[in-house]
There are 2 protein chains.
Amino acid sequence: MVTTNRYHLAERPEGMPDEDTFDLREVELDGPGPGEALLELRYLSVDPYMRGRMRAGESYADPWEVGQPLRGGAVATVVEEHGTEFDEGDLVVGNMTWADYHIADGSDLQRVTVGELPESTALGVLGMPGRTAYFGTREVLEPRAGDTVVVSAAAGAVGSVVGQLAKLQGATVVGFAGSDEKCAVVEDEFGFDACINYADTEDYGDALDEVAPAGVDGYFDNVGGPITDAVFTKLNVDAHVAICGQIALYNEEETPTGPRKLGKLIQTRARVQGLLVGDYAPRWAQATADLREWVADGEIAYRETVTEGLENAPDAFVGLFEGENIGKQVVKIGE
Amino acid sequence: MVTTNRYHLAERPEGMPDEDTFDLREVELDGPGPGEALLELRYLSVDPYMRGRMRAGESYADPWEVGQPLRGGAVATVVEEHGTEFDEGDLVVGNMTWADYHIADGSDLQRVTVGELPESTALGVLGMPGRTAYFGTREVLEPRAGDTVVVSAAAGAVGSVVGQLAKLQGATVVGFAGSDEKCAVVEDEFGFDACINYADTEDYGDALDEVAPAGVDGYFDNVGGPITDAVFTKLNVDAHVAICGQIALYNEEETPTGPRKLGKLIQTRARVQGLLVGDYAPRWAQATADLREWVADGEIAYRETVTEGLENAPDAFVGLFEGENIGKQVVKIGE
C-alpha cells in the first residue's frame, strides 16, 4: 500500500484545457499484485495527442473517461515487483498515470535502453516522438536527395528529428516554428537550411517562395491550419505529405474550416497519408537502436524542455499548445 | 484549303461558362502540309477538365489563351494526308479543335481500335475516361475483395467504369449521382450495390450509414465539396482515396472552403492521392485492349449521351456541370 498524488480528468475541456480540467487527488494504491510492479515515476511525458483523449468524440486514441486518471508515457524506477521480468531498481518506460507512483502490469513495460544518454530521452528522441519521426520519415514522407522538405513544428520533439533525418537523405529542409529563438535552434542545432518564424510572418506562401523557390516535394505536418494551406499551394508533382498531427486544431470546439485543397492533388498527383507510430510497434526496437546510434554519433541533435514537479504537469501540457517548449516537453517527478 | 466552323475562347468565364465564353468562327485551314493530315470530325469529346483550361491560373492542364481555338479529344476521318502513317478514310482519335475540320500532326493521332463497338467509344469507355477509371482503380484506389468503395459522379464516364471495376475485384460499391434516373442506371446497368441521389438527400453521412454501415475503405472522387466531406468522415483504417476530379468546385470564383479533414487521415492512416491519366500513357494500349474485351464480354456496361451538331458543343459542355449527361458526353459532328 502506497499513497500517491495523481491527476484525474475533472471534466472534458471546451477549447483550451484549464484548471477545471485537472483534478489532483491523493489516492492509495493497492498492490502490487502478482505480475505487477510498483513504479516510482521519474519523468512524465506530455504530448499533444492527449488533447484528443480528453474529448468524448472519436480521435486517434480512445477517449479518457471523466473521473479517471490521466495517462502518459513515463520513465520510472521499479520499487517493488511480484513475478515480473524486472528487478527492483530497474529503470523502465511505459504507459503510466500522471502520478508519483503507479502500479503497472509488467507486460506493458520495457527496460530503458538509452545507453549513455539521459533517461528522459526514452520519452523523446529515443521514445515515441523519435520513433514517430523515424517511421513517418522512412515510410510516409520518403525524402529523396535533392528534394525540398518542409516540416511544421520544426522545433518540436517530432519535427526536429524529421528534419534531421531528411537532411541525412540529402534533402533541403525548411522548418516552421513559432519564435526567433526556436528558429535559431532549428537552423543552428538541428541544421535545417531555413526556418520560417510563423508568428512573425504575414504571408506564409511568400515566405516559402523565398526559402523554397523550387517548390515543396515533401511536407511533414504536425500542425494543420494555415501553414498547411500555404504548403499545399507549393506542392510539386509527386510530392509526399505525411500527416502526423494537427495541433493548431486540437482545441477548436467547432469543426474548423479552410480552403479546399484536394484539386492540388490532381495537378501534382501528390500523396497525402496519415501516420500513427503504433502501427510500427514490431519495429520499435530497431528504430530506438538506430536513433541511439545517430544521437551518439552526433548525427541527430535533440532538445528537451523539463518542467519540475508533478503539480506543474497541467501547465506543461497546456504549454504545448502555446508553443512554449523547444524539443521534447517532459515533467520531472520527485526531487 | 478547306473552310471550317471552329470554336474559339472568346473570354475567360467567371463562374459558369456562357455564350460570351464561346466564339464560333468560320476559318480557312491551310494545308495539310508534309507530315500532316486533314481530318473531318465525327465525334468531339467535352470533358470537365476543360473548365480548368479556360482559367488563367494553374490547373492540371495548361491554360487556353483567349482568342485561340478550343481543343478536345475527337474521332475523325482522314480526308487527306501527306506522309503520315495513315491512309485516307482511316478513322483516328486524337487531340483536335472544336471544329468540323482539323489539321493535325500525324504523330498526335492513333487509329481507332474499338472492334465491334461504336466509334464514339474511343472517346468514352475505351478512351480517356475509361483509361482514367482503369488506372485510377488499379494504381490508386486499389479495391480489395470485401471493401466498401464509394464513387462520386457514379453515372459519369469515369465513375461508372470505376464502380464496375471495383465490383469485379469483389468490393461492395456505392455511388453518388444527381437524379433518380441516374441512380437507376447506376444500380441496374452498372451493377452498383447502392446509389445515393445527392440532389434528394439532406444528410449524406446518414445516407452513407444506411448503405455503407461498415464504413468506407475506398473512395474515388470526381466531384469534391460536401459529398467528399461526408465520405471522409466515414473512412476506415487504411482507406485509399483517389482524387480524380473536383467538378463541384470548377466554376467557383473564390477559393471554396470546407471543413478541415486532415485529422481524419491520422486516425485512419488513410492515403489520399491525385491522379492524371497522362502519367500512364505508356500503358494506354493495354488499358484500351482490356476495356474492349470486358465491354465485349458484357463485364463492363457503358452509356453515352450524344449531342447533335458542333453548334451545340457549348451547351453539351455546360451541361456537364449541370449534371445533364449520363455516361460519356460526346458531340456528334456533321450529319
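Trainee: Which residue stands opposite Val92(A) in E7(A)?

Mentor: This is a predicted model: local features need pLDDT of at least 70, side-chain atom pairs count only at pLDDT 80 or more, and totals for chains, interfaces and linings use all residues. Residues are numbered from 1 along each chain as its sequence is written; chains are lettered from A, and ligands numbered from 1, in the order in which they are written. E5(A) and strand E7 (residues 110-111) of chain A pair in the antiparallel sense over 2 bridges (pairing takes at least two DSSP bridges between two strands). Opposite Val92(A) in E7(A) is Arg111(A).

Trainee: In E5(A), which residue is the bridge partner of Gly73(A)?

Mentor: Start with the labels: helices (H or I, at least four residues) and strands (E, at least two) are DSSP runs, numbered from the N terminus. Strand E4 (residues 71-81) of chain A is joined to E5(A) by 7 bridges, and the two run antiparallel. Gly73(A) has as its bridge partner in E5(A) the residue Asn95(A).

Trainee: How many of the 7 residues of strand E5 of chain A are buried?

Mentor: Buried is a count: 20 or more other C-beta atoms lie within 10 Å of the residue's own, against 12 or fewer for exposed and the range in between for partly exposed, with C-beta atoms placed from the backbone. Strand E5 (residues 91-97) of chain A is largely enclosed by the rest of the structure, because the buried share of its 7 residues is 5.

Trainee: What kind of axis relates chain A to chain B?

Mentor: Two copies of a chain are related by a rotation about an axis and a shift along it. Here a rotation of 180° with 0.0 Å of shift superposes chain A on chain B, at RMSD 0.0 Å (least squares on C-alpha atoms of residues with pLDDT of at least 70 in both copies). That relation is a two-fold axis.

Trainee: What percentage of the contact residues of chain A recur in chain B?

Mentor: Contact is a distance test: C-beta atoms, placed from the backbone, lie within 7 Å. The same surface serves both copies, and the recurring share is 100%.

Trainee: Which element gives the largest share of the side of chain A that touches chain B?

Mentor: 30 residues of chain A are in contact with 30 residues of chain B. Strand E13 (257-259), helix H7 (262-268) and strand E14 (271-274) of chain A each give two or more residues to that side. The largest share is 6 residues, from H7(A).

Trainee: Which residue of chain A comes closest to the rotation axis?

Mentor: Look at E14(A), which is joined to strand E14 (residues 271-274) of chain B by 3 bridges, running antiparallel. In that pair, Val272(A) stands opposite Val272(B). At 2.5 Å (C-alpha), the residue of chain A closest to the axis is Val272(A).

Trainee: Which strands are the edge strands of the open sheet of 12 strands?

Mentor: The order is E10(A)-E9(A)-E8(A)-E11(A)-E12(A)-E14(A)-E14(B)-E12(B)-E11(B)-E8(B)-E9(B)-E10(B), with mixed pairing. An edge strand pairs on one side only, and that describes strand E10 (194-197) of chain A together with strand E10 (194-197) of chain B.

Trainee: Which residue stands opposite Val150(A) in E9(A)?

Mentor: Strand E8 (residues 148-151) of chain A and strand E9 (residues 172-177) of chain A run parallel, joined by 4 bridges. Opposite Val150(A) in E9(A) is Val174(A).

Trainee: Are H2(A) and H8(A) roughly parallel or roughly perpendicular?

Mentor: H2(A) and helix H8 (residues 284-296) of chain A pack at about 100°, with axes 10 Å apart. Axes are lines fitted to C-alpha atoms, for helices over the stretch in contact, and angles run from 0 to 180 degrees between N-to-C directions. Under 35 degrees counts as roughly parallel, over 145 as roughly antiparallel, 65 to 115 as roughly perpendicular and the rest as oblique. H2(A) and H8(A) are therefore roughly perpendicular.

Trainee: Where is Pro32(A) placed?

Mentor: The peptide bond from Gly31(A) to Pro32(A) is cis, with omega near 10°. Pro32(A) sits in the loop between strand E2 (22-29) and strand E3 (36-45) of chain A.

Trainee: Does Ala153(B) count as buried or exposed?

Mentor: Phi of Ala153(B) is near 55°, a positive value in a residue other than glycine. Ala153(B) lies in the loop between E8 and H3 of chain B. Because it has 28 C-beta neighbours inside 10 Å, Ala153(B) counts as buried.

Key: Contact = placed C-beta atoms within 7 Å.
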